[in-house]
Amino acid sequence: MARPRKPTALLEAKGAFKKNPDRARAGEPEVKTPLGQPPAHMTELERACWFEFAELAPTGVLTSADAPALELAACLMAEFRTVKSDFPATKIGRLQGLLGAFGMTPADRAKLSIEKPKDVNPFSDL
């Protein structure tokens, strides 16, 4: 099975287009709406996990399109925190995969390379 394509935004964050600008794919959808609030049907613990993940995720990673995956991650984490000893390994693996997709593990965070803002000389306008 072929490896899934990486989103253009992730490739750009990694700096892949600096060396090979022709790799950029045109027409890839871009989500500009922010994440927003958790769904109303979530429990208090699940909502707390949602807000925790939203705060811990690297800046600019989560958008409204990620809400269903974040909901799943929050529900899994809430369940894990409730019944740690009976939490199956398959669910732990799924939760770890979701956290990795959000750049919330050291290895996945290391794959991101976001450019730092350039220092602006306050006297450049003079």
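**Core and helix packing around L70**

Student: Which residues does L70 touch, not counting residues up to four places away in sequence?

Tutor: In this predicted model, local features require pLDDT of at least 70 and side-chain atom pairs count only at pLDDT 80 or more, while totals for chains, interfaces and linings use all residues. Residues are numbered from 1 along each chain as its sequence is written, and side-chain values use heavy atoms, without hydrogens and water. With contact taken as heavy atoms within 4.5 Å, the partners of L70 are L35, W50, F53, L62 and F102.

Student: Which helix gives the most to the largest nonpolar core?

Tutor: Such a core joins buried (under 20% relative accessible area, 1.4 Å probe, protein chains only) Ala, Val, Leu, Ile, Met, Phe, Trp, Tyr and Cys residues through side-chain atoms within 4.5 Å. Of its 20 members, W50, F53, L70 and F102 touch the most others. At least two residues each come from α3 (44-56), α4 (67-82) and α5 (89-101), helices being DSSP runs (H or I) of at least four residues. With seven residues, the leading contributor is α4.

Student: What is the orientation of α4 to α5?

Tutor: The axes, lines fitted to C-alpha atoms over the stretch in contact with angles from 0 to 180 degrees between N-to-C directions, come within 10 Å and cross at roughly 135°. Angles under 35 degrees count as roughly parallel, over 145 as roughly antiparallel, 65 to 115 as roughly perpendicular and the rest as oblique. Therefore, relative to α5, α4 is oblique.

Student: Is T63 buried or exposed?

Tutor: T63 lies in the loop between α3 and α4. Its relative accessible area is 16%, so T63 is buried.

Terms used: Buried < 20%, exposed > 50% of the residue type's maximum accessible area, 1.4 Å probe, protein only.
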